[in-house]
Amino acid sequence: MAGKIRPAAGKQIIDILAERNQTLVTAESCTGGMIASALTDIPGASAAIYGGYVTYANSAKSRMIQVQPRLIRDYGAVSNQVARAMADGARNTARVDYAVAVTGIAGPDGGSEKKPVGLVYVAVSSELATVVIEHRFGDLGRDEIRRATVDAALDLVLQVLTSDPTNE
């Protein structure tokens with residue numbers, strides 16, 4: 001199926017986390033639970049996936065995972081700062097080893113010159129650090145932007161897991 005999410009990264013994530021007896025939580029805005037779904041589609045995911053937060057509304061980001069409303073007000077929900085706060089907040093709230101968070105503009109509406117449709121921030125939080133990557137996928141259409149975001153999120157989690165010196 002064209003545009004299908006790649007399961008290989010997800011399987012590697014599950015295997016690594018299960019082997020280390022560690023867990024991951026998701027905090028999703030523009031993907032609405034697609035990352036958690038992609039991971040839980042994999043047999044054995046329960047050994048590594050704690051759960052997920054779908055924090056689509058700004059108030060959900062604040063209430064569910066402790067994102068400070070001033071960050072959303074000052075930088076916008078789609079920002080490096082809010083993605084970082086989502087990942088850190090989800091990891092701390094769930095009390096897990098890792099969190100992945102995404103916030104972006106999937107379209108077709110909501111974009112601006114400064115923050116166009118296809119702008120997405122992906123963040124991964126661990127005890128060591130929080131990494132945030134900005135993606136500009138372009139106006140590929142809502143479904144493709146969301147799929148690309150899931151792939152980017154899984155890829156970043158895998159990069160963090162395989163580069164974390166505390167687990168070598």
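Here are legends for four close-up views of this predicted model.

**View 1. The annotated domain.** UniProt, in an unreviewed entry, places the feature "domain: CinA C-terminal" at residues 11-161. Look for the two ends of that span: their C-alpha atoms are 13 Å apart. Helix makes up 44% of the span and strand 21%.

**View 2. Inside the largest nonpolar core.** In soluble globular proteins, nonpolar side chains tend to be buried together. Here, the largest nonpolar core has 58 residues, and those touching the most other members are I13, L24, I35, L39, V100, V122 and L154. Helix α6 (residues 142-163) gives this core its largest share, 11 residues. Zoom in on L39: leaving aside neighbours within four places in sequence, its contacts include I13, L24 and L154, along with G10, I14, T26, A45 and I49.

**View 3. Helix α3 and what it packs against.** Which residues of helix α3 (residues 58-65) are buried? They are A60, K61, S62 and I65. These buried residues pack against three strands, β1 (24-28), β2 (49-54) and β3 (98-104), and against helices α4 (69-75) and α5 (80-94). Just after α3 comes Q66, with a positive phi near 65°.

**View 4. Strand β3 and its partners.** How many of the seven residues of β3 are buried? Seven of the seven are. On one side sit Y98, V100, V102 and G104, and on the other A99, A101 and T103, so to speak both faces are covered. β3 runs parallel to β1, joined by five bridges, and T26 has V100 as its bridge partner. With strand β4 (residues 119-125), β3 pairs in the antiparallel sense over six bridges; there, A101 is partnered with A123.

Technical notes. Residues are numbered from 1 along each chain as its sequence is written. This is a predicted model: local features need pLDDT of at least 70, side-chain atom pairs count only at pLDDT 80 or more; totals for chains, interfaces and linings use all residues. Side-chain values use heavy atoms; hydrogens and water are left out. UniProt positions are given in the numbering used here, feature names are shortened, and annotations may be inferred rather than shown by experiment. Helices (H or I, at least four residues) and strands (E, at least two) are DSSP runs, numbered from the N terminus. A nonpolar core is a set of buried Ala, Val, Leu, Ile, Met, Phe, Trp, Tyr and Cys residues joined through side-chain atoms within 4.5 Å. Buried means under 20% relative accessible area, exposed over 50%, partly exposed in between (1.4 Å probe, protein chains only). Contact means heavy atoms within 4.5 Å. Two strands pair if DSSP finds at least two bridges between them.
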